[in-house]
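This briefing is meant for someone opening the structure for the first time. Please keep the sequence and the 3D view side by side while reading, and look up each residue as it is named.

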Amino acid sequence: MSWPNPFYRSTPHTRNAWGYRFEWTDEHLTPEASEPLKYSCDTLADDCLDILNELSPPASRSVLPRNRERAVEQDQKESADSPAPARDLYALLRDNADSNERLKQMWTQVNAVPDWVDWDQIERGQDTFYRYGGAAITGLAFQSLLGGMGAARVTETLARTGGFSPKVARGRLFETTQHILQCTKDIKSMQPGGDGWASTIRVRLLHAAVRKRILKLAKAKPEYYSVEMFGVPINDLDAIGTIAVFSSSLIWMSFPRQGIWLRKQEIDDYIALWRYIAYVIGAPHEYVATSSKAKAMMESLFYNEGMLATVSVVFWRSLTTIEVRPNEMGALLANNIIKSIENEPPTYESSDMLSASARWLNGNALSDALNIPRPGLYYWVLMAGQCIFLAGMSYIYRSVPSWDKKKVASLKKILWMIVVESKWGLNNKHATFDFQYVPEYSTLTELHEGKGPQIQRSRIEMRNLKAFFAGAAILVVVSWCGWKVTSGIVHLSAKLFW
């Protein structure tokens with residue numbers, strides 16, 4: 001939830017998008033200016049993918065993505081008996097870069113470090129993520145990803161991959177988090193040849209594979225996907241938006257809504273890190289060249305997408321009998337994300353607690369549009385307690401440099417262990433971001449039922465409850481002390497002047 005500011009004065013340039021208020025400036029992107037970005041994309045990656053597919057054709061798949069839940073269990077049994085190595089597009093690009101001009105062009109581009117890259121600043125940006133690790137993970141999951149399902153145009157691409165049913169969505173969350181952890185691990189990880197750098201290239205080629213597959217299906221069957229309405233799948237505007245939700249949204253929306261405000265240097269450093277990631281992944285990085293540009297781009301997308309989504313649905317329905325409901329699809333995907341992680345290790349958080357997290361970070365207006373259930377007052381109390389705990393720990397540790405350094409180093413190990421090494425995470429199987437969820441005409445993510453009542457009590461929820469009462473107790477004590485001091489001053493003044 002956004003904190004009310006009684007001193008905010010609206011101007012003719014004030015804009016409001018789903019409860020987020022800001023001032024429109026010359027750095028913001030109008031809907032007309034953003035329109036061409038919907039029809040441009042990373043053509044270099046597209047060309048390279050075609051060449052790599054010729055060098056090493058992808059394995060044929062007999063299982064449709066909509067049946068992926070059953071296929072996952074079957075694949076696990078088969079891989080235990082005769083494991084087959086996954087195709088690594090990054091390794092193919094690296095090993096064959098000199099065999100083709102386009103491959104060489106892409107390999108040269110990703111290996112060339114721009115002049116604006118300051119490795120010390122990139123490293124500080126990586127540390128910023130772990131300095132606020134708990135709040136960052138919460139924000140990325142419930143505001144950046146789940147809240148991002150409100151962008152109707154983007155969900156049309158996601159739904160066609162068939163990879164957001166509850167069982168599969170949980171794995172995709174862990175894979176995405178693995179990529180983030182690799183990009184923030186250390187400075188060597190993001191330098192050419194590092195794990196984070198290589199994973200970013202893999203994701204870039206994965207985006208090309210999804211884009212080309214959907215366009216191929218749409219060419220043969222136009223009603224499958226409308227390029228005119230939604231733009232090219234995973235276009236330049238989508239790429240900019242992805243960078244924004246992992247960086248700008250975290251800084252100016254997720255963190256403040258959890259009671260955390262970054263220092264200017266931290267903001268500049270974190271934006272610099274994601275600008276370099278944008279460069280490697282093939283996104284137009286000039287739109288996040290500075291902190292002010294990155295903030296303006298985030299606000300432009302948040303405002304324009306929210307405004308255009310409604311208009312486009314009405315316009316499309318007036319032209320065709322095909323019923324396209326982007327808002328409903330976004331709600332379906334958002335609820336599937338909640339269902340995929342409810343009552344699951346390591347946190348075992350209930351559906352109500354997850355819904356409270358989503359509503360706290362996205363606001364009731366957007367959450368209602370996504371059909372996120374409304375939890376009871378108890379879970380709002382738990383979420384308030386979580387914010388008290390995370391904000392308090394963040395401010396305490398960052399105030400002492402030696403504590404801050406130990407916390408950053410410790411959290412790097414803990415998050416990697418939970419996400420990658422643990423049996424409930426990726427089980428020590430590093431994601432290579434191969435083309436697992438292949439779009440087909442019959443593929444469309446469906447809504448699934450929840451897992452039922454909470455089986456195991458969540459330690460996180462109990463911690464949040466304790467934090468709330470501790471915060472409330474501290475507030476009462478401080479208020480009482482303030483009242484006593486004020487009363488003493490008033491009495492003393494009365495004796496002196498009367």
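Leucine 496 has a relative accessibility of 60% and therefore counts as exposed, and this residue lies in helix H21. Together with Leu492 and Phe497, leucine 496 makes a nonpolar surface patch of about 380 Å². The model described here is a predicted one, and the points below go through its surface, its helices, its loops and its salt bridges.

**Surface patches**

- Besides the nonpolar patch made by Leu492, Leu496 and Phe497, there is a negative surface patch, which is formed by Asp118, Asp120, Glu123, Asp186 and Asp195.
- Aspartate 186, one of the residues of the negative patch, is found in the loop that runs between helix H9 (166-184) and helix H10 (187-190).
- With a relative accessible area of 30%, aspartate 186 is classed as partly exposed.

**Two helices with buried residues**

- Helix H7, which covers residues 133-145, has a kink of about 35°, and the centre of this kink is glycine 139.
- Glycine 139 is also among the buried residues of H7, a group that includes Gly133, Ala135, Ala136, Thr138 and Leu140, and to which Phe142, Gln143 and Ser144 belong as well.
- Helix H14, made of residues 248-257, is mostly covered, since 10 of its 10 residues are buried.
- Among the buried residues of H14 are Trp252, Met253 and Phe255, and the list also includes Ser248, Ser254 and Arg257.
- Just after H14 comes glycine 259, whose phi is positive, at about 80°.

**Backbone features in the loops**

- Where is proline 346 found? It is found in the loop between helix H17 (326-341) and helix H18 (351-369), and the peptide bond leading to it from proline 345 is cis, with omega near 10°.
- The loop between H17 and H18 also holds asparagine 343, which has a positive phi of about 55° although it is not a glycine.
- Asparagine 343 has a relative accessibility of 14%, and so it counts as buried, the cut-off for that class being under 20% relative accessible area.
- Asparagine 427 is another residue other than glycine with a positive phi, in this case near 55°, and it is found in the loop between helix H20 (401-421) and helix H21 (459-497).
- Whereas asparagine 343 counts as buried, asparagine 427 is partly exposed, with a relative accessible area of 43%.

**Salt bridges**

- How many salt bridges does a search of the whole structure find? The search finds 18 of them, and several are described in the points that follow.
- Arginine 124 and aspartate 269 form a salt bridge in which the closest N and O atoms are 2.9 Å apart. This pair links distant parts of the chain, for arginine 124 is in helix H6 (residues 119-131) and aspartate 269 is in helix H15 (residues 264-281), with their positions 145 residues apart.
- Within this pair, arginine 124 is partly exposed, with a relative accessible area of 36%, while aspartate 269 is buried, with a relative accessible area of 2%.
- Another salt bridge is made where the side chains of glutamate 299 and lysine 295 meet, with an N to O distance of 2.7 Å.
- Glutamate 299 and lysine 295 are separated by about one helical turn, because they are four residues apart in helix H16 (residues 291-319). In an α-helix there are 3.6 residues a turn, so residues three or four places apart point the same way.
- Of these two partners, glutamate 299 counts as buried at 2% relative accessibility, and lysine 295 counts as partly exposed at 27%.
- The side chains of aspartate 368 and arginine 359 also meet in a salt bridge, with 2.7 Å from N to O; aspartate 368 is partly exposed, with a relative accessible area of 34%, and arginine 359 counts as buried at 2% relative accessibility.
- Elsewhere, Arg131, Arg263, Glu266, Arg398 and Asp404 are joined into one network by salt bridges that share partners.

Key. Residues numbered from 1 in each chain as written. Predicted model: local features only at pLDDT ≥ 70, side-chain atom pairs only at ≥ 80, totals over all residues. Heavy atoms only, no water. Patch = residues over 30% accessible without salt bridge, like charges linked within 9 Å, V, L, I, M, F, W, Y side chains within 5 Å. Areas by Shrake-Rupley, 256 points an atom, 1.4 Å probe, with all protein chains shown as cover. Salt bridge = Lys/Arg side-chain N within 4 Å of Asp/Glu carboxyl O. Lys, Arg positive; Asp, Glu negative; His and termini not counted. Charge placed at Lys NZ, Arg CZ, Asp CG, Glu CD. Helix = DSSP H or I, 4+ residues; strand = E, 2+ residues; numbered from the N terminus. Buried < 20%, exposed > 50% of the residue type's maximum accessible area, 1.4 Å probe, protein only. Bend = angle between axes of the 7 residues up to and from the residue.
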